[in-house]
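Thanks for coming. I will go through one structure this morning, starting with how far to trust it and then moving inward.

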Amino acid sequence: MFSSSEGEDSDGDIYLQPFTDIDLPTSKERFLPSDDSITVTAHRLATLGSSRKKKRTIHGFWNNVGLMLFSIFVLLLVDQCAWRIVRLPLAPFHLMRPFLISVVSVSCVGYICVPLFRMFKLRSIVRNRRHSSKRGTPTMGGLYFVPIGLLVAEAVLHFSSIEVSGAAAATLAFAAIGLLDDFMGIGYKKDGLPVWIRVLLEIAIGAWFSYWLWTTKISTPYNMKTVVPLPAPLGRVCLGKLYPVLTSFCLVSMANGVNFTDGLDGLAAGTAALAFIGMSIVVLPICSDLSIFGASMAGACVGFLFQNQYKASIFMGDTGSLALGGALAAMASCTGMFFPLFISSGIFVLEALSVIIQVFVFQAAKLFRRRGYMVFRMAPFHHHLELCGVKEPVIVGVAYLIASVLILCAAYVGLSSA
């Protein structure tokens, strides 16, 4: 990350603590010496800072409520119209059932795991001075909400779906890379795994998953492997031997895209939940089992938001962010729905592009002008918005709104091309 003002303190991170009632002057002491006037003024400033913090916390709560209501509405609507999409009878509440089970399970387990993570000192290392108030917050929340989402999906399907088993294996493999990265960052007080080692491991998992897709009989669009359905007039595009390359690229890029997005409370979890809902709708005509997988993972993300909304009690860490990206890419790779994934994951694409642009322009300017130039004040893009004065809950809320529109567009494109 490149920052031009990384040392500045955030207004939201520093605030005065209010005095107790004993320290406050009574109404009879209204006309007292100047020292008491200073005390009253200090108390009013302290109360103002506290009220601002409380207001922002409420904003985080309402972001979560709005996300839940929108998710429930969309899933109920899809369940009601599923027979028109699939043209086959599906179980009642096909998507809503795994979604709600995951929400309740993850939210309840979270209230147990957060104190345990504090007790074992699984604390995040925050180097951004604007987020100094978040130092000491537990991390590696992906250790509990990702497995729950996978178990709920497998349990609903009675462990009988080869597509879901493959997607779950890819998810756990990326979670293992994130776990190793988090563990090295916490245990050795470093930045975690070297970037080149992490990317090599991700490419290896992408290659393995591509080989598994190539050799396993799964539900594919039009019963043809290596086909990518696109909207008219493009229609079906057969990539042949390029399909494994696209699969590996999608897995690596999506995992890192979600990882870049995980920088504000609730941002990655909420946008990932919406992306999973969009992909659940898109893959429904091709593989209804994978739609259950997506709904279950969406519910796990929403349940995690009960502890991860502003101000967060726990972070998902690389364990969660890499796993979520791998799960989304696995859904697209099994069904060929890469274009709808690109649309529904627009927030992740934007965050990744901001980092690529920042690094490329900085290095190019340093090479030709012997002086670096930064397009953004800081990358990823959400940190640029922070430095421009936009508050954290506002950034997250706007991201939810944009992601909601994007998944509706992705659902329309995916269903029209399936």
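A word on confidence before anything else: pLDDT is the predictor's own confidence in each residue, on a scale from 0 to 100. We need that because this is a predicted model. For the protein chain the mean pLDDT comes to 85, with 82% of the residues at 70 or more. Residues 1–34 are below 50, although the model still gives this stretch 53 contacts beyond near neighbours in sequence. A second stretch, residues 44–51, also stays under 50, and there the model has 5 contacts beyond four places in sequence. Where pLDDT is low, the predicted coordinates should not be read in detail.

Now the overall picture. The protein chain has 418 residues, and 50% of them count as buried. Its secondary structure consists of 13 helices and 2 strands. Taking the contacts with a separation of 6 or more, 78% are between residues 24 or more positions apart.

Let me turn to helix α9, residues 317–335. It has 19 residues and runs 28 Å from first C-alpha to last, close to the 27 Å expected at 1.5 Å a residue. Is α9 enclosed or not? Because 19 of its 19 residues are buried, α9 is largely enclosed by the rest of the structure. After α9 comes G336, with a positive phi near 80 degrees.

Next, two residues of helix α5, which covers residues 195–215. One is E202, which sits in that helix. Buried or exposed? E202 has 0% relative accessibility, so it counts as buried. Leaving out residues up to four places away in sequence, E202 touches F174, I177, V252, N256 and L322.

The other is R198, also in α5. With a relative accessible area of 12%, R198 is buried, because the cut-off for that is under 20%. What does R198 touch, beyond residues up to four places away in sequence? The list is I177, D181, L193, N256, N259, D318 and L322. I177, N256 and L322 are therefore contacts of both E202 and R198. Along the chain, R198 and L180 are 18 residues apart, and their C-alpha atoms are separated by 9.4 Å.

That leaves the empty space. Rolling a probe the size of a water molecule over the atoms shows where such space is left. I will take the second largest pocket, with a volume of about 380 Å³. It is lined by 16 residues, and those closest to its centre are F249, S253, M254, F342 and V349. Which elements each supply at least two residues of this lining? They are α6 (242–261), α10 (338–344) and α11 (346–369). Of these, α6 gives the most, with 7 residues. By class, the pocket lining has 13 nonpolar residues, 3 polar and no charged.

As for cavities, a search of the whole structure finds 2 of 30 Å³ or more. The second largest has a volume of about 60 Å³. Its lining includes G60, N63, N64, D265, Y310 and Y400. Two elements give two or more residues to that lining, α1 (34–86) and α13 (392–417). The cavity lining divides into 5 nonpolar, 5 polar and 1 charged. One caution on α1: its range takes in residues 44–51, where pLDDT stays under 50.

Methods:
Residues numbered from 1 in each chain as written. Predicted model: local features only at pLDDT ≥ 70, side-chain atom pairs only at ≥ 80, totals over all residues. Heavy atoms only, no water. Contact = heavy atoms within 4.5 Å. 1 Å grid on protein atoms, 1.4 Å probe; cavity = no way out; pocket = protein on both sides within 12 Å on 5 of 7 lines; lining within 4 Å. Points joined across faces, edges and corners; volume = space filled by probe spheres on them. Helix = DSSP H or I, 4+ residues; strand = E, 2+ residues; numbered from the N terminus. Nonpolar A, V, L, I, M, F, W, Y, C, P; charged D, E, K, R; others polar. Expected span 1.5 Å × (residues − 1). Buried < 20%, exposed > 50% of the residue type's maximum accessible area, 1.4 Å probe, protein only.
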